[in-house]
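Student: I would like a close look at a single part of this model, the sheet, and then a word on what surrounds it. Please take it step by step.

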Amino acid sequence: MIERWVRFWDRREAPYSLALVRILLGGVLLADLLQAGYFGTVTLLWAPPPLGAASDGTPALVVRLLGASAETAWLLWACAVLCSVLFVLGAAYRVASVALVFVMVELGACQPVGDGMDSILRVVLPVLAVSGANAAWSVDAWFRRRKGAPPRTVTAWPRYLLFLQVIWIYVSAGHQRGYTWGPRGGFSAIGDVLGDPHWARFMPGSLAPLYPLLCLATLVTIVFEVSSPLILLWTWLERHPERGGRFGRFARRFRLRWVWLGAGASLHAGIALCMKLGIFPYGMLALYPVFVHPDELLDAFDRSARFVSRMHRREPNAGSLQPRTARPSQG
Amino acid sequence: MPPRAATVKTFVYYERQVKGARARRDSFAPVLSGWRYVRASLITLVLGLAFVAGWPARMAKLVRDWPPSLAALALRLPDLQQKLLAPFAPVAGALGIYSEDWRLFTGTGGTRYRMWIEGRRANGSFKLLFRAADPAHAHLSGVLEYRRVLNLWNPHRDWISDGYPAFTRWVARKIFDEDERVRAVRVRMEEVAIQPRGAGFVPSGRFVYDELVERDQLGR
């Protein structure tokens, strides 16, 4: 039993899923940080009063060393941007990712007011930092290849941990929902949020004609969240086609795993479309590659490439069809 | 899941890599074997701690309708949670991880807020510059709705962030720099009642978190 448990955490796989998470999540974080700079809010967010709104409680390490000032805030922000760029590119990854973890903790200490995504980043980034997420699609991997080193496999445990983390986020959020998420509140939660002037992207009340759909969306959201541990079962059944008996065949036939993933992606796309929740939906979607085995990811890319090349080959024919179909009408 | 024909090469390649890694591992077996156990133990510890850290903080609210004996048992959990996590708190604190308790939109509806930002001219009249969900008054809406800024001013059910006064000074400074005629800036939250059936909200005319920043206060 113990040996099986140790073997499980010792598994290796191709690095593509983790690499994709690195690129997507790093990209989301970078966009968020660049927005702070673009809007000129760096001082407001991370400088101490009276210039900014930074916390004057326990100061961050950098603040203790360099003093609380607007310059320190800008320096921290610039470091965060630089580390995010290196993180996305997978350049000097180990150093850059550890530095990014440090800088994000420092920024969080300067400005403790944040949303769920800040907390998620603080949990996820250290796991990615110790993973082999730079073993593919990265500057580091490119240099390795130039030196003649073969591509390498990475330990799978960081992906497994992030997999469990995302499930836990859903479970924890799901079981703490208030009564408006259930039948007692008439599944009104999403309708309520879309009526809140601070959260609604569209004019509050403008989606009232779609209210039954909003109730359905609330129901689907809560079912999706509470049922999220089942993704472990769906994934196991898919990876072991010989197991699970009739139930397993049912799950595979109706692709329950992909239904769940599709529901999650739709949920976050809906949030991004209808609510002003910042980077939360994008950050969550950026974590979805952890649900996909690298082999499946390669397979999907392979299929996409074949599809694109097929379309590309068809293009000249499609162009030549037009005059042929036009001719009879001209005649 | 078996790989498709076109990717078989890649799979075979990675299969070899995995086997190669295993072979290499075998040659370092004594060292690696020890490390494998240490790593699995650390991961198990992290999973256990994450599970404990995930026990809901608002337990009293969650167990309101539970049978009394079960609720009493559940209410002991927060204390136990503190005790179990205490030895590892410095490590979690160094990483800025304070909880695995994810509360996202736990309560909706009821009384909410709508931010107003107004500028006062020399004649004493206030001009509405920004009001949430009001396209006719959307001055600075881009920056105000940027999530990190929104977190500073968006009130929770019965509290607002400590950064709110600093935010009001910052936004006032911005407005003073843009328009020299503005003598003071007022930021406040109107209470609104969320309507049933997704029908939006009804303003109440009652204001809270009222902050007035005079130009002289900022030395502008």
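In which sense do S3(B) and strand S4 of chain B pair, and over how many bridges?

Tutor: The model is a predicted one. In it, S3(B) pairs with S4(B), residues 201-214, in the antiparallel sense, and nine bridges hold the pairing. Val185(B) faces Val213(B) in S4(B) across this pairing, and Met189(B) has Val208(B) of S4(B) as its bridge partner. The two strands form a hairpin with six residues between them. Arg197(B) lies in the turn and has a positive phi of about 60 degrees.

S3(B), residues 184-194, also runs antiparallel to strand S1 of chain B, residues 111-120, to which 10 bridges join it. In that pairing Thr111(B) stands opposite Ala193(B) of S3(B). Strands of a sheet pair through backbone hydrogen bonds, in either a parallel or an antiparallel arrangement.

These pairings belong to an open sheet of four strands in chain B, with the order S2-S1-S3-S4 and antiparallel pairing. Strand S2 (126-131) and S4 of chain B are at the edges with a single partner strand each, so one side of each has no neighbour in the sheet. From one strand to the next the twist averages 30 degrees. H9(B) packs on the sheet and touches S1, S2, S3 and S4 of chain B. The direction of H9(B) makes about 75 degrees with that of S4(B).

Parts of the sheet also take part in the contact between the chains. That contact takes 64 residues from chain B and 65 residues from chain A. On the side of chain B that touches chain A, the elements that give two or more residues include the strands S1 and S3 of chain B. The helices in that list are H1 (8-27), H2 (29-53), H7 (141-144), H8 (147-153) and H9 (164-178) of chain B. H9(B) thus appears both against the sheet and in the contact with chain A. By class, this side of chain B has 33 nonpolar, 17 polar and 14 charged residues.

Across that contact is chain A, whose domain assignment gives domain 1 (16-149) and domain 2 (157-297). The C-alpha centres of these two domains of chain A lie 27 Å apart. Their contact takes 19 residues from domain 1 of chain A and 19 residues from domain 2 of chain A. On the domain 1 side, helix H2 (16-38) and helix H7 (116-129) of chain A are the elements that give two or more residues. The largest share of that side, nine residues, comes from H2(A). The residues on the domain 1 side divide into 14 nonpolar, three polar and two charged.

One helix pair of chain A completes the picture. The axes of helix H12 (residues 230-239) and helix H13 (residues 245-253) of chain A come within 9 Å and cross at roughly 95 degrees. H12(A) and H13(A) are therefore roughly perpendicular to each other. H12(A) contributes Trp234(A), Leu237(A) and Glu238(A) to the contact, while H13(A) contributes Gly248(A), Ala251(A) and Arg252(A). By class, the contact of H12(A) with H13(A) has three nonpolar, one polar and two charged residues.

Notes. Residues are numbered from 1 along each chain as its sequence is written. Chains are lettered from A and ligands numbered from 1 in the order in which they are written. This is a predicted model: local features need pLDDT of at least 70, side-chain atom pairs count only at pLDDT 80 or more; totals for chains, interfaces and linings use all residues. Two strands pair if DSSP finds at least two bridges between them. Domain bounds come from an automatic or database domain assignment. Two residues are in contact if their C-beta atoms, placed from the backbone, lie within 7 Å. Ala, Val, Leu, Ile, Met, Phe, Trp, Tyr, Cys and Pro count as nonpolar, Asp, Glu, Lys and Arg as charged, and the others, Gly among them, as polar. Axes are lines fitted to C-alpha atoms, for helices over the stretch in contact, and angles run from 0 to 180 degrees between N-to-C directions. Angles under 35 degrees count as roughly parallel, over 145 as roughly antiparallel, 65 to 115 as roughly perpendicular and the rest as oblique.
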